[in-house]
Amino acid sequence: MRHRVKAGTLGRSASHRTAMYRNLVTSLLEHERVRTTDAKAKGVRSLAEKMITLGKRGDLHARRRALRVIRRREVAAKVFDDLAERYRDRAGGYTRIVKLGIRPGDAAAMSIIELVESGEPAGRTAKAAEKTGKQAAKDKKDSAKTTKKTAKKKTAKKKVAKKAKKKVAKKAKKKAKKKVAKKAKKKAAKKKVAKKAKKKAKKKVAKKKTAKKKTAKKKAKKRKR
């Protein structure tokens, strides 16, 4: 039973899920920004923040624990050198998630997970926010286009299905009519055969009767003589 289990399985096995999270964490800590689905971003956030807290601790045991998750030693060195110094005075909340909208195609909720850059000027963060907003607007437009296309495809498929059903119904009606006509022809042929047989039987009976009458007349004539 899954009592008190917060994290979702994301439709993957445990080993597949941990490998995916390790890859995402390493790429996030290396590039400081990753575009992924909303569920994956929420799952990665806690791991990434734990890695940064281990970097702030800075001892050998913390480094070994970080290398159990981070795949590349260069990224681990960046965490323990650069990111640890950057977030030295910050008590937590090293990442932010910016929602982008729906991905065209499978309608998955997309978002950007990025590191909070404390030493960055305000203008740069505003530009980044503008970029993410533009990206979200683009994604919304794309999703609207894809929904329209899918709706058109569905209507076209329905029309084709209706036409196919009509054709099938027409063929079935034609077949039924042909079957009925064949049965009627067979019945008529049987009736004709029966009538001919009756006529033949009547003719035979009549011939027998006339033959009997002739023989009777001949016998009567002989007796008279």
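**A three-strand sheet in a spread-out chain**

Let's start in the middle of the sheet: Val98 stands opposite Ile112, which belongs to β3. A little further along, Lys99 has Ser111 of β3 as its bridge partner. What you're looking at is a predicted model, where local features need pLDDT of at least 70 and side-chain atom pairs count only at pLDDT 80 or more, while totals for chains, interfaces and linings use all residues. Numbering starts from 1 along each chain as its sequence is written, and side-chain values use heavy atoms, with hydrogens and water left out.

Those two residue pairs belong to a longer ladder: β2 and β3 (residues 109-115) run antiparallel and are joined by 7 bridges; for two strands to pair, DSSP has to find at least two. The two strands make a hairpin with 6 residues between them, and Gly105 in the turn has a positive phi of about 120°.

Now add the third strand. The sheet is open, its pairing is antiparallel, and its order is β1-β3-β2. β1 (33-37) and β2 (95-102) are the edge strands, each with a single partner, so one side of each has no neighbour in the sheet. On average, neighbouring strands here are turned by 25° against each other, direction ignored.

What lies across this sheet? Helix α1 (residues 14-31) lies across β1 and β3, running at about 145° to β1. For angles like this, axes are lines fitted to C-alpha atoms (for helices, over the stretch in contact), and values run from 0 to 180 degrees between N-to-C directions. His16 sits in α1 and counts as partly exposed because its relative accessibility is 43%. The cut-offs are under 20% relative accessible area for buried and over 50% for exposed, with partly exposed in between (1.4 Å probe, protein chains only).

Back in β1, take a look at Thr36. Is Thr36 buried or exposed? Its relative accessible area is 8%, so Thr36 is buried. Leaving aside residues up to four places away in sequence, Thr36 touches Ala41, Met110, Ser111 and Ile113 (contact means heavy atoms within 4.5 Å).

On to the rings. Searching the whole structure turns up 1 aromatic pair. Tyr87 and Tyr94 form it, with 5.1 Å centre to centre and 50° between the planes, which makes it tilted. To pair, rings of Phe, Tyr and Trp (its six-membered ring) need centres within 6.5 Å; planes under 30 degrees apart are stacked, over 60 edge-to-face, and the rest tilted. Both tyrosines, Tyr87 and Tyr94, are buried. Elsewhere, Arg63 lies over the face of Phe80, at 4.4 Å from the ring centre; the criterion is NZ of Lys or CZ of Arg within 6 Å of the ring centre and within 35 degrees of the ring normal. From Phe80 to His16 it's 64 residues in sequence and 27 Å in space, C-alpha to C-alpha.

Time to zoom out. The protein has 5 helices and 3 strands, defined as DSSP runs (H or I, at least four residues; E, at least two) and numbered from the N terminus. Along the sequence the pattern reads α-β-α-α-α-β-β-α. The protein is more spread out than a compact globule, because its radius of gyration is 46 Å, well over the 17 Å that the globule rule gives for 225 residues. That radius is taken over C-alpha atoms, and the rule is 2.2 Å times the number of residues to the power 0.38. The C-alpha trace spans about 160 × 40 × 30 Å along its principal axes, and buried residues make up 23% of the 225. Still, of contacts between residues at least 6 apart in sequence, 61% join residues at least 24 apart.
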